[in-house]
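Please open the model in a viewer and keep the selection panel at hand. The stops below are arranged so that each selection leads to the next.

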Amino acid sequence: MKKILFLMVAMFAVMAMEAAVVKGKIVDAGGSALDFVNVVVISKSDNGAVYGAISDEKGHFAVEGVPAGDYWFEVKFVGYQSVKKEVTIKSLNEEVKIGQIVLREDAKLLGEVEVVGQASQMRFDIDKKVFNVDQNLAASGASASEMLQGIPSVDVDNEGNVSLRNSSSVEVWINGKPSGLTEENRAQILEQMPAGSIEAVEIITNPSAKFNPEGTAGIINLVMKKDRKAGYYGSVSGGGMYNIGSPAPGANLGANFNYNSGLVDFYVNFGVRYMNHESNNYTDRYSFERLPMDSYTDVREQWGDTLFHLNTLSANRSQFLGLFGRMGADFHITKKSTIGISVMGHGGTNNSKNLNTYTREDWATMDTIIYERENQQGGMRPSYSVSLDYAYEIDPKGSEVRTSIEYSGHNRSGDYIYKQRALQGYSPEYTQIQRQNGHNQNVNYKLDYTQKIGQTQKVEAGLYGSWQQRLAPSRAWNLLDGEEGLDGSTIYNSVLIQFNDFNYEEWIAAMYATYGAKFGPFSMSVGLRGEYTNTFVRTRDVEEESAWEESRRGYFQVYPTAFLSYAFPNNHELQANYTRRINRPRGRQINSFRDMSDSTNISFGNPLLDPEISSAVELNYLKTWDNHAISAGLYYRFSDNAIERVRYLDNNVMFSTFENVSLRQSAGLEIVAKNKVTKWLNLTTTVNCYYAAMDSVFYDTDLDGELDLLYPFQQSFSWNARLMANFLIPMGWSAQLTGMYRSADVVAQGKMNSQYVVDLGVRKSFLDRKLNLALSIRDLLNSRRWASTTWGDNFWQYSSHEPRGTMFSVTLTYNFGNMRAKKQRPQSGGMDMGGEGMDEGMDF
């Protein structure tokens, strides 16, 4: 099989090399280079074969893999007059130099585009999907978290946890860097970050060896706005939003400013969001006598008589004020050298109050106890990051050296107050306070070297190092009856009931190398990354130096990657890739601290977790027509030591922690189609069907040294679909209707119920597109619900979460500055995955 594959690759390469290349440069009337311009070479013969390329940032293009014959050479660019000429290729391996092509503005066409034009919503590259945030009308005035809910393949649950292709093992980066986002803080940071500060979202399911292999499902990269238009450009925005049933409306303010010259490029983004949320939770739990059985295929076979029934109703109210800021500058100290510095920060306050009412029925005695528990939370979680970058251009072909160092920090401080009161029957009454004061800090360093070999090959190599520290001290007290102080406040006596210190340090050292090449229509990239990881964990549960428990772990792993692509005539492309990745347990997953916010549900980490290793294979097919495009992808992921959340019931209290599953597999088919139905309607459809299988999980629930079966082997088939309809309406109006459906899905020890959501957005431009009014309705049908059913050998539980409900928002944006600057590909923040000739994406 390996020999056959090698012969096929060699045959493609030989066939591709026996063809000519058409080269040239594209500029505007002022002599400035134009990038991202479409260049096509069309055969005059009956088959009408089409070969194409896109100009780079210096205006250069190279159409490769063109056989001998007579052709039409054509250049098209929005807002400019097209250029068309005849070209004859006389022999194979000929280099045809077109020379410099001058494009002149088409005033009539430019005016038409400003009235009815609509930018591409998504672009497909060989190794990533790129989504344009500005074209998501429902995300106007929304947070980054809310915006991600509308991105295909991405899900965001009721707690703000992000998953990709049904896996929560995903990295969320900002401008190609972690930027201090971790599984502990990213839900809050994404809620603080305004969607208006984001230019694009890149979905990279199989990143190359050039990038950190963290996250078995891949990387979601948020590309921040940083316009490279000459002169100055900016916008200011403001708006409000209201959730049905909320006590007060919310508001948002934002500003973006860019200044670019030959010496410096400067940018600043700022945003403020104020929100009021209300939600409700419902839980129904039955506990059973566990029957002794030697063998069984389903843990529910062990259920005996019903012992207890617990019903919980929760009413939640929260008030949120979030601040987001980002600024930076790139200094062009020479024609080849650039130094950049950027600073980003998040902050604000989050206050919440939850009232939980518990009804507990003892089926043996028929006694009923009703009590309520009030939880109040307040605190701040500021985060910040500082990055210093340097780039040196070795030659005009794209050879360069880049290096960067980034420091980020995140603080978590807050008090949690729990008050429990009896309403019927006997239940202990008390007041508790839990105080957390955590601090995370990270340092990341990168050195990347790129060497272009001719016009079609590229070699990359680099070093990477990171250090991170997580400190998470926590204390809890019972507050006794207090006395009135001199200022009228109540002074409580307290008894310490919980003490926990958790210190985690991690060092990673890595090096990588990749090789990419393009031989006519055939593109390939292979890479290898080696990483050594060292971790040091210290924990204690009493305030004594001798109580510290320490553990060290060091391991080395290699991560190979491979990407293959073949572009057939008439806009067909076939892609295949393979990657190996890791999910390192961190934070709450390994912290043995016990969360006391709900006395009937206790969660804690598992310090003995091992890293999860995953291998993934994808096969993608792309095809575009004048008004239609389709992408179909098959994927398979195999994970060893998969990390899953597990639950068990003990003494009527539900405990949840994390455990390594020996094996988890998933396979699926993802289809994305874009159809321009008429001049005023285009549709984007995404369908994802997937199969998942998970091995049995055992856990020592009663600490007797024997493992208990929590759930046996599970498998499931699920699917989800999204449809986005864009309407161009006369008088400068545009509208967008988005619908999403997710089928029921099997999870560890149970299943998630199905869900559907509909969003609506409308936009109107005024004053020659300088002023934009956006109206949106999120969750139009008030149908966004999360519900699940879980079970074990002695319990059954149904849980549901009803979030804030339908939200109405209005946002007004004013743009100023250089409004007619040339169109540019994003210059930074996007992730170049490596491999020559792989940046020519397909616009949808």
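Begin with the charged side chains: 19 salt bridges are counted in this structure, which is a predicted model. Side chains of opposite charge can pair when their charged atoms come close.

**Stop 1: three salt bridges and a network**

Select Arg-317 and Glu-278, which form a salt bridge whose closest N and O atoms are 2.7 Å apart. Because Arg-317 belongs to strand β18 (residues 303–332) and Glu-278 to strand β17 (residues 264–290), the pair ties together parts that are 39 residues apart in sequence. Arg-317 is partly exposed, at 49% relative accessibility. Glu-278 also counts as partly exposed, its relative accessibility being 24%.

Next, select Arg-435 and Asp-415, whose side chains meet in a salt bridge with an N to O distance of 2.7 Å. Here the residues lie in strand β23 (residues 430–453) and strand β22 (residues 400–424) respectively, so the pair ties together parts that are 20 residues apart in sequence. With a relative accessibility of 40%, Arg-435 is classed as partly exposed. Asp-415, at a relative accessible area of 29%, is partly exposed as well.

Move on to Asp-610 and Arg-553, a salt bridge in which the closest N and O atoms are 3.2 Å apart. This pair links distant parts of the chain, 57 residues apart: Asp-610 is in the loop between β33 (601–603) and β34, while Arg-553 is in strand β30. Asp-610 has a relative accessible area of 30% and is partly exposed; Arg-553 is likewise partly exposed, at 31% relative accessibility.

Which residues are joined into one network by salt bridges that share partners? Select Glu-214, Glu-506, Arg-529, Glu-531, Arg-584 and Arg-586 together to display it.

**Stop 2: from β30 to β34**

Arg-553 has already brought strand β30 into view. Select residues 549–568 for β30 and residues 572–583 for β31; the two strands run antiparallel and are joined by eight bridges. Within this pairing, Ser-565 stands opposite Gln-575 of β31. Three residues lie between the strands of this hairpin, in which Asn-570 takes a positive phi near 60°.

Now add residues 612–624, strand β34, which runs antiparallel to β31 and is joined to it by 12 bridges. To locate a point of register, select Glu-573 and its bridge partner in β34, Leu-622.

**Stop 3: two loops with positive phi**

Select Met-366, which is not a glycine yet has a positive phi of about 60°. Its place is the loop between β19 (337–362) and β20 (367–380). Is Met-366 buried or exposed? Met-366 counts as exposed because its relative accessibility is 66%, above the 50% cut-off.

Then select Asn-652, another non-glycine residue with a positive phi, of about 65°. Asn-652 is found in the loop between β35 (628–650) and β36 (653–678). At 19% relative accessibility, Asn-652 counts as buried, since the limit for that class is under 20%.

**Stop 4: an open sheet**

Turn to the open sheet of three strands, ordered β4-β1-β7 with mixed pairing. Its edge strands, β4 (60–66) and β7 (95–103), each pair on one side only. On average, neighbouring strands of this sheet are turned by 20° against each other, direction ignored. Strand β1 (residues 20–28) pairs with β4 in the antiparallel sense over six bridges. To see one facing pair, select Val-21 and Glu-64, the latter in β4.

**Stop 5: the chain as a whole**

Clear the selection and view the full protein chain, which has four helices and 49 strands. Of its 844 residues, 51% are buried. Among contacts with a separation of 6 or more, 68% involve residues 24 or more positions apart. The chain exposes about 37,500 Å², of which carbon and sulfur atoms supply 57%.

Finally, colour by pLDDT. The chain averages 80, and 82% of the residues score at least 70. Residues 1–17 stay under 50, and the model has nine contacts beyond four places in sequence for them. Residues 834–844 also stay under 50, with 58 such contacts in the model. Where pLDDT is low, the predicted coordinates should not be read in detail.

Methods. Residues are numbered from 1 along each chain as its sequence is written. Side-chain values use heavy atoms; hydrogens and water are left out. pLDDT is the predictor's confidence in each residue, from 0 to 100. Contact means heavy atoms within 4.5 Å. Two strands pair if DSSP finds at least two bridges between them. Axes are lines fitted to C-alpha atoms, for helices over the stretch in contact, and angles run from 0 to 180 degrees between N-to-C directions. Buried means under 20% relative accessible area, exposed over 50%, partly exposed in between (1.4 Å probe, protein chains only). Accessible areas come from the Shrake-Rupley method with a 1.4 Å probe; for residues, only the protein chains shown count as cover. A salt bridge is a side-chain nitrogen of Lys or Arg within 4 Å of a carboxyl oxygen of Asp or Glu.
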